[in-house]
Amino acid sequence: MAIALIVGLLAISTFKPHQEQEPIKLGISLWAGYSHAFLAQELGIFKKNGVDVQLIYSEDYPVSQTLYENQKVDGFFGTITDAIYYDSTSHPSKIVYIIDYSNTADVIVGNIKSLDEMKGKTIGVEKINSFSNIFVLAALEKYGLTEDDVFFKLVNAHQVTNALIDGTIDAGHTWEPTTTDALNHGYNIVFSAGEIPGIITDALIIDENVVEKRPDDVKNIVKSLVEAQEYRDLYREKALEIMSRAQNVTISNLENGFVGIQTMDLAGNYNTFYNSTEIKESFEFISNFYLKRGQISEIPKFDEIMEGRFIKELANGK
């Protein structure tokens with residue numbers, strides 16, 4: 001009896017309960033298209049689908065990038081441009097969910113009337129070799145200018161109006177609510193993403209290791225975002241209230257942010273991953289841009305970065 005009791009006590013003392021996994025941390029910034037992630041959080045959709053997600057919010061997009069670069073988050077809401085760059089350099093990454101296409105939402109605003117006036121002047125971008133940098137370079141190229149014709153200044157998108165006012169830059173890349181702010185101060189929109197269709201595509205980008213080790217959690221994140229997007233479109237007024245509060249912006253400013261972007265539902269995601277030629281053309285354009293600049297050594301494979309299996313399973317009711 002004594003031996004049995006001792007064995008039992010040893011078993012109890014050495015038993016280790018199942019350790020809960022860490023929440024998946026996602027960097028997110030101020031962009032209307034990303035906003036339904038806050039619905040998934042605030043309405044308990046992530047929790048309902050059995051996944052623990054922590055949204056790390058900052059107004060400025062480069063903060064999310066830096067967190068991802070330093071592996072402080074498992075993924076972030078960003079652009080396919082930056083996914084290609086990270087995957088091709090030092091951070092294997094997967095695009096698991098397409099959020100939107102920017103048509104006229106991403107713009108260059110300035111104290112000029114046309115981009116062909118930019119020679120010898122200073123233009124603001126968020127980060128070198130980022131989607132912001134490529135967007136501006138591609139825009140300049142359409143007006144016969146190269147990066148050698150202008151000076152670049154690192155300016156966060158939501159600081160562009162201030163930088164224009166204090167004369168730090170002559171033009172800069174931004175989006176809402178800063179676009180409206182810049183226009184209210186008398187500056188002009190001189191270029192929009194719609195002039196280069198598909199160049200700015202927003203997506204959820206997740207570390208490849210996380211996708212491999214926690215595929216069920218990643219799938220449930222995608223499922224939750226799809227459900228949150230459906231809620232946003234069905235209950236627009238209530239959704240705007242929740243999303244604006246979570247990002248500390250006015251409902252009016254958030255509504256303005258949706259102007260000029262094409263958001264993606266489940267069917268749109270499936271089509272983008274498996275049927276769209278536009279996304280592949282954009283992927284190739286961006287990859288070639290990086291290759292020509294020597295930022296990557298080879299063109300990445302579309303199917304190795306675009307991880308559509310979660311969308312495919314959800315579209316098939318699995």
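# Chat about the sheet, α11 and three buried residues

Biologist: How many bridges pair β4 with β11, and in which sense?

Modeller: There are 3 bridges, and the two strands pair in the antiparallel sense. Keep in mind that this is a predicted model.

Biologist: Give me a residue to click on. Which residue of β11 is the bridge partner of Tyr-101?

Modeller: Gln-262 is the bridge partner of Tyr-101.

Biologist: And β4 with β10, how many bridges there?

Modeller: 7 bridges, and that pairing is antiparallel too. For a landmark, Lys-94 has Ile-206 of β10 as its bridge partner.

Biologist: Is β4 mostly covered or mostly uncovered?

Modeller: Mostly covered. Of its 10 residues, 10 are buried.

Biologist: What is the strand order in the whole sheet?

Modeller: It reads β2-β1-β3-β10-β4-β11. The sheet is open, has 6 strands and shows mixed pairing.

Biologist: Which strands are at the edges?

Modeller: β2 and β11, where β11 covers 261–263. Each of these two pairs on one side only.

Biologist: What about the twist?

Modeller: From one strand to the next, the twist averages 30°.

Biologist: What packs on the sheet?

Modeller: Helix α10 does. It touches β1, β2, β3, β4, β10 and β11. The direction of α10 makes about 10° with that of β4.

Biologist: Back to β10 for a second. How does β3 join it?

Modeller: Through 5 bridges, with the strands running antiparallel. β3 is residues 75–79 and β10 is residues 201–207. One pair to look at is Thr-79 with Asp-202 of β10.

Biologist: OK, helices now. How do α10 and α11 pack?

Modeller: At an angle of about 120°, with the axes 5 Å apart. That makes α10 oblique to α11.

Biologist: Which residues make that contact?

Modeller: α10 gives Tyr-231, Arg-232, Asp-233 and Leu-234. α11 gives Arg-236, Lys-238, Ala-239 and Met-243. By class, 4 are nonpolar, 4 are charged and no residue is polar.

Biologist: And where does α12 sit relative to α11? What is the crossing angle?

Modeller: Roughly 105°, and the axes come within 9 Å. α11 and α12 are therefore roughly perpendicular to each other.

Biologist: Which residues touch there?

Modeller: On α11, they are Arg-236, Leu-240, Glu-241, Met-243, Ser-244 and Gln-247. On α12, they are Ile-251, Leu-254, Glu-255 and Phe-258. The contact has 5 nonpolar, 2 polar and 3 charged residues.

Biologist: Which residues of α11 are buried?

Modeller: Ala-239, Leu-240, Ile-242, Met-243, Ser-244 and Gln-247.

Biologist: What do those buried residues pack against?

Modeller: α2, β2, α10 and α12.

Biologist: How far apart are the end C-alpha atoms of α11?

Modeller: 16 Å. At 1.5 Å a residue, the 12 residues should span 16 Å, so the two agree.

Biologist: What follows α11?

Modeller: Asn-248. Its phi is positive, near 60°.

Biologist: New topic. Where is Ile-169?

Modeller: In the loop between α7 (160–165) and β8 (171–174).

Biologist: Is Ile-169 buried or exposed?

Modeller: Buried. Its relative accessibility is 1%, and the cut-off for buried is under 20%.

Biologist: What is Ile-169 in contact with?

Modeller: Leaving aside neighbours within four places in sequence, the contacts are Asn-111, Thr-122, Ile-123, Gly-124, Lys-153, Val-155, Val-160, Ala-163 and Leu-164. For a distance check, Val-150 is 19 residues apart from Ile-169 in sequence and 11 Å apart in space, C-alpha to C-alpha.

Biologist: What about Thr-178, where is that?

Modeller: In helix α8, residues 178–184. Thr-178 is buried, with a relative accessible area of 5%.

Biologist: And what does Thr-178 touch?

Modeller: Ala-157, His-158, Val-160 and Thr-161, not counting residues up to four places away in sequence.

Biologist: How far is Thr-178 from Ala-193?

Modeller: Their C-alpha atoms are separated by 16 Å. Along the chain they are 15 residues apart.

Biologist: Last one. Where is Ser-192, and is Ser-192 buried or exposed?

Modeller: Ser-192 is in strand β9, residues 188–192. Ser-192 is buried, at 12% relative accessible area. Leaving aside neighbours within four places in sequence, Ser-192 is in contact with Asn-103, Thr-104, Asp-106, Val-107 and Phe-135.

Conventions:
Residues are numbered from 1 along each chain as its sequence is written. This is a predicted model: local features need pLDDT of at least 70, side-chain atom pairs count only at pLDDT 80 or more; totals for chains, interfaces and linings use all residues. Side-chain values use heavy atoms; hydrogens and water are left out. Axes are lines fitted to C-alpha atoms, for helices over the stretch in contact, and angles run from 0 to 180 degrees between N-to-C directions. Helices (H or I, at least four residues) and strands (E, at least two) are DSSP runs, numbered from the N terminus. Angles under 35 degrees count as roughly parallel, over 145 as roughly antiparallel, 65 to 115 as roughly perpendicular and the rest as oblique. Contact means heavy atoms within 4.5 Å. Ala, Val, Leu, Ile, Met, Phe, Trp, Tyr, Cys and Pro count as nonpolar, Asp, Glu, Lys and Arg as charged, and the others, Gly among them, as polar. The expected span of a helix is 1.5 Å times one less than its number of residues. Buried means under 20% relative accessible area, exposed over 50%, partly exposed in between (1.4 Å probe, protein chains only). Two strands pair if DSSP finds at least two bridges between them.
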